[in-house]
Amino acid sequence: MSGSAELVRGAGLNKHYGGIVANVDMDFTVEEGDLIGLIGPNGSGKTTLINILTGHLAPDSGEIFVGGQRTNGRPPHIYAAMGVARSFQVTQLFGRMTVLENLLVPGLTRRHSRREAVVRHARETLEFLHMGHVEQLEAKNLSGGQQKLLELGRCLMLEPSVLFLDEPFAGVHPTLRDELILRIQELHQQGRTFVVVDHDMESILRLSRRLVVMARGSKIADGPPAEVQANQAVLAAYVGL
Amino acid sequence: MRPIPLAIVVLLTATSLATAPLYNSYWMHVAIIAMMFAILAASWSLLAGYVGLFSLGHMAMASIGGYTSALLVKWYGIPIPVGMVSGTVMTLAVGAGIGWICLRMSGPYLAIFTLGFAEIIRIILSSEDQVTNGMAGLRVTPLFDSATRLPYFYLGFVFLALSLLLMGLMVRSRWGLFLRAIREDEQAAAASGVAVARFRILAFAIASAFAGLAGTFYGHYIGIMTPSVGGLDLMAVLVVMTVSGGIERLPTAVGGAFVVEFLLELLREYAQWRLPIFGAILLLTMRFARNGLLTPFWLQFVRLGKVRDDAAPGIQ
């Protein structure tokens, strides 16, 4: 690890759904400046881990820290206020609200926010995402790729220190996928920290500085992409599918 | 609101108020009842339309407000305005409590729970006849010692105007955006930083408080409170008023209340056939105009005088 500030940490996380093991003694640390690809076969516990680290799910045991503060039991909006943003595996937008309103919601939850400044910021975010021309469209009328971009925009309005993106490339046209990758890289260069979950290995390898691999609820590899790709345990996990 | 529609609303309102002394007493009564239902419809639209919390306990809140005010005035001789404030505060608290209990409920589960709550309230009020005089009704001290209904008409208008002003400020503020976000997707709202639990409880509390206010006004106007005020029949009428007018906007909910209340009176000669007629209106609305029958007219009305599409964000 580089010695950068620790943004989010999960320690000894366990989560079971009845007889199904989702996370087992899972340790996961996100440091400032990371661009982590979180991969693994279906059912390896990636989304469960994100749900726990963003406050949407309580672990059976283990601890969560955001910015060094223990945050177990706090509701998800507190995590958002502390700078932890996330997108969802299946895009979840405010469908009958306009694109602009979708961005105003997170912007206006921030303390001391003023409406005029938030509107300005929202419009700048839409321009960054090349979506300024659809600001008055209802979110449900956007294409699938545009909805993914809007969800990214909604995360950005929180001015987060870390963004968890759950399958941002799923079902996205290659052209739009490339644009998403460029936006993420640009934001990373500006200082944002990312954890990206996806099955699109090409995109993950293009983006990631660090790869974390999960299988059957546990972490089986964590390191630079080249090192992880050569890891026998990783290969076995994927082939064993 | 743009200048032209605003001017029309102000003109119509001023004309109605100025010519009120000329109204036939019967139709003035209908207008007063319509204004009471308008407060109920607008506040229920806040809860069910803006936040998506389909509560069937709203008339029970009106009943609680009315009985609270009536009993406090009767037992302790407090001034009626103090009683009315007390009734409103009581329903604010009860609404917050129900909102807290219902935090994990939505859709049909919430509807059934609040239906059960409403029935419990009605049965308690019916059974505790030593306190409430049961089904015979509790005599309520009238607000005004007046030969005409005019003071009630003007007060009803003031309550309606104030209620719409306060609810309007709320829905046009960031709170309004948060409430609509909760309706659309609670999980995404939480991920966006919205304190979902707090706003659900707040919505229940505020909507219930306005229902309680309407209930206190009703009691001190009509002069009697009966358990049937909180019953399912009136709740069904409220649903028809709000949904057929337009559940997701305050003005259309208010419009629905006025139209249905006046239609109920105009169709009085059809006796019990009125209710199937309104049931049919509700079915047709849900099938062909889910946003409400008045919504298209309202959207056209507020656009009067518009030159270009420069709608400000978050304003409906």
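**A tour from the strands of chain A to the core of chain B**

Select Ala85(A) to begin: Ala85(A) stands opposite Leu163(A) in β7(A). The model on screen is predicted. The strand holding Ala85(A) is β6, residues 84-86 of chain A, and 3 bridges join β6 to β7(A), the two running parallel.

**The strands around β7(A)**

Extend the selection to β8, residues 193-197 of chain A. This strand is joined to β7(A) by 5 bridges, again in a parallel arrangement. Within the pairing, Val162(A) stands opposite Thr193(A) in β8(A). Trace the backbone onward from β7(A): the chain passes through α6(A) to reach β8(A), and this β-α-β crossover is right-handed.

Next, show the side chains of β7(A). Is this strand mostly covered or mostly open? It is mostly covered, as 5 of its 5 residues are buried. Turn the view to inspect each face: Val162(A), Phe164(A) and Asp166(A) are buried on one side, while Leu163(A) and Leu165(A) are buried on the other.

**The loop after β7(A)**

Select Phe169(A), which lies in the loop between β7 (162-166) and α6 (174-189) of chain A. Phe169(A) has 24 other C-beta atoms within 10 Å; a residue counts as buried at 20 or more, and therefore Phe169(A) is buried. Leaving aside residues up to four places away in sequence, Phe169(A) touches Arg177(A), Leu180(A), Asp198(A), Asp200(A) and Ser203(A). Add Val197(A) to the selection: it is 28 residues from Phe169(A) along the chain, and the two C-alpha atoms are separated by 9.2 Å.

**Where the chains meet**

Display both chains and select the residues in contact across them. There are 26 residues of chain A in contact with 21 residues of chain B. On the side of chain A that touches chain B, α2 (76-81) and α3 each supply at least two residues. Which helix of chain A gives the most to this side? It is α3(A), with 7 residues. By class, this side of chain A has 14 nonpolar, 7 polar and 5 charged residues.

Cross to chain B and select helix α8, residues 174-184. This helix is mostly covered, with 8 of its 11 residues buried. Among the buried residues of α8(B) are Leu177(B), Phe178(B) and Ile182(B), together with the charged residues Arg180(B), Arg183(B) and Glu184(B). The cover over these buried residues includes elements of both chains: α3 (99-109) of chain A, and α2, α9 (186-191) and α10 (196-222) of chain B.

**Chain B as a whole**

Hide chain A and view chain B alone. Its secondary structure comes to 14 helices and 2 strands. The C-alpha trace spans about 60 × 50 × 40 Å along its principal axes. The radius of gyration of chain B is 19 Å, which agrees with the value near 20 Å for a compact globule of 316 residues. Of these 316 residues, 46% count as buried. Among contacts in chain B between residues at least 6 apart in sequence, 80% join residues at least 24 apart.

**The nonpolar core**

Finish in the largest nonpolar core, which has 151 residues; those touching the most other members are Ala38(B), Ile39(B), Leu40(B), Ala41(B), Ala203(B), Ala214(B) and Leu238(B). Helix α2 of chain B, residues 25-50, gives the most to this core, with 16 residues. Select Leu40(B) last. Apart from residues up to four places away in sequence, Leu40(B) touches His58(B), Ala62(B), Ala211(B), Ala214(B) and Leu238(B).

Technical notes: Residues numbered from 1 in each chain as written. Chains lettered and ligands numbered in written order. Predicted model: local features only at pLDDT ≥ 70, side-chain atom pairs only at ≥ 80, totals over all residues. Helix = DSSP H or I, 4+ residues; strand = E, 2+ residues; numbered from the N terminus. Rg over C-alpha atoms; globule rule 2.2 N^0.38 Å. Buried ≥ 20, exposed ≤ 12 C-beta atoms within 10 Å, placed from the backbone. Contact = placed C-beta atoms within 7 Å. Pairing = 2+ DSSP bridges. Right-handed = clockwise from strand over helix to strand, strands pointing away. Core = buried A, V, L, I, M, F, W, Y, C linked by C-beta atoms within 7 Å.
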